[in-house]
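Biologist: I have the sequence and the fold open on my screen. Can we walk through it together, one question at a time?

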Amino acid sequence: MSDTDLPSLSTLAAGIGATLRARGQTVAVAESAAGGLVSAALLAVPGASVFFRGGAVVYSRRAGKALLGLQAADLAGMRGETEPFAMLVAGRMRENLRASWGLGESGAAGPSGSPYGDAPGHVCVAVVGEMASSRTVETGIADRSRNMDLFARQLLRLFDEVLQSREAGG
C-alpha cells in the first residue's frame, strides 16, 4: 500500500468533522497502534468540541481494563489485532462516552511483529454506530511511524465510507 493511496489525516478529519457537525452526531475513539493520531486529527478540526467526545490509547490489557472497563469475560475467546477486538473497543468507547459513533483500532506498527504472530503493518479497524463495519489491512511495511499514520488514515477512511454510505441510504 502506498501512502498516497489515502488522503491526509487532516483532509479525512475535516470531512468527517463537517459531516458529524451537520448531522449533530458525536464520536469517541479507542486507539492502540495508531497512538492517538486519530484523536489528534479530529481534535485539530476547528469546532471539534461539538463532535469529539473523547479518546483513549488502549495499548495493553491493563489499559483496556482501566480505560474501557474490559473484563476477562469480555475478552473470552478473543485476542487483540482482530476485527472482533476492534469492534469491541469501538463499541465500548461509544457506550462509555455516549457517542453516536465509536472507532476502534488494534495492530502491529512495527518494526517487529506482534506477540500474536501478526506481521508488522497488520491492523484491524472498526466503526460502531447506526451501522457497524470493520476491516483488516496489511501495509507490508515495517516502518513504525509510517504504519501509525497509515493505521490512523485507514480508520478515518473506513469511518468516512460508513458515514457516506449512510448518507446514500446504504
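Modeller: Sure, starting with a term: a polar contact is a pair of N or O atoms within 3.5 Å, where, inside the protein, one atom must be able to donate a hydrogen and the other to accept it. Keep in mind that this is a predicted model.

Biologist: Okay, then which residue's backbone oxygen does the side chain of Thr82 reach?

Modeller: Find Thr82 in the loop between α3 and α4 (83-97). The distance from its side chain to the backbone oxygen is 2.9 Å, and the cut-off for a polar contact is 3.5 Å, so this pair fits. The oxygen belongs to Arg79.

Biologist: Does Thr82 count as buried or exposed?

Modeller: Buried means under 20% relative accessible area. Thr82 has a relative accessibility of 18%, so the label is buried.

Biologist: What is phi of Glu81 near?

Modeller: Glu81 is in the loop between α3 and α4 too. With 8% relative accessibility, Glu81 counts as buried. Its phi is positive even though the residue is not glycine, and the value is near 60°.

Biologist: Where does Arg98, another one with a positive phi, lie?

Modeller: Arg98 has a phi of about 50° and is not a glycine. At 72% relative accessibility it counts as exposed, because the cut-off for that is over 50%. Its place is the loop between α4 and β3.

Biologist: How much space lies in the largest pocket?

Modeller: The lining takes in 24 residues, and those nearest the centre are Ser32, Tyr59, Glu81, Ser106 and Tyr116. Glu81 there is the buried loop residue with the positive phi. As for the space, the pocket holds about 430 Å³.

Biologist: Which elements give two or more residues to the lining of the largest pocket?

Modeller: By class, the lining has 10 nonpolar, 10 polar and 4 charged residues. A helix and a strand each supply two or more of the lining residues: α3 (61-68) and β3 (101-108).

Biologist: Which residues is Ser114 in contact with, leaving aside its neighbours within four places in sequence?

Modeller: Ser114 lies in the loop between β3 and β4, as does Pro111, whose peptide bond from Gly110 is cis with omega near 10°. Ser114 has 13% relative accessibility and therefore counts as buried. Setting aside those neighbours, its contacts are Glu81 and Ala108.

Biologist: Which element gives the largest share of the largest nonpolar core?

Modeller: That core has 32 residues, and Val27, Leu42, Leu103, Leu156 and Phe159 touch the most other members. Two or more residues each come from α1 (9-23), β1 (27-31), α2 (37-43), β3, β4 (122-128) and α5 (144-167). The largest share is 9 residues, and they come from α5.

Biologist: How many residues are in the second, separate core?

Modeller: Look for Leu68, Leu75, Phe85 and Val89, which are among its members. The count for this second core is 13.

Biologist: Back in the first core, which residues does Val27 touch, not counting residues up to four places away in sequence?

Modeller: Val27 is one of the residues that touch the most other core members. Its partners include Leu20, Phe51, Phe52, Arg53, Gly54, Ala99 and Trp101. Also in contact with Val27 are Leu42, Leu103 and Phe159.

Biologist: What about Ser39, is it buried or exposed?

Modeller: Ser39 is found in helix α2 and touches Val29, Glu31, Phe52 and Gly55, residues up to four places away not counted. Its relative accessible area is 10%, so the call is buried.

Biologist: Last one: which residue's backbone oxygen lies 2.9 Å from a polar atom of the side chain of Arg23?

Modeller: Arg23 lies in helix α1 and, with 21% relative accessibility, counts as partly exposed. Its side chain has a polar atom 2.9 Å from a backbone oxygen, that of Leu163.

Definitions and conventions. Residues numbered from 1 in each chain as written. Predicted model: local features only at pLDDT ≥ 70, side-chain atom pairs only at ≥ 80, totals over all residues. Heavy atoms only, no water. 1 Å grid on protein atoms, 1.4 Å probe; cavity = no way out; pocket = protein on both sides within 12 Å on 5 of 7 lines; lining within 4 Å. Points joined across faces, edges and corners; volume = space filled by probe spheres on them. Helix = DSSP H or I, 4+ residues; strand = E, 2+ residues; numbered from the N terminus. Nonpolar A, V, L, I, M, F, W, Y, C, P; charged D, E, K, R; others polar. Buried < 20%, exposed > 50% of the residue type's maximum accessible area, 1.4 Å probe, protein only. Core = buried A, V, L, I, M, F, W, Y, C linked by side-chain atoms within 4.5 Å. Contact = heavy atoms within 4.5 Å.
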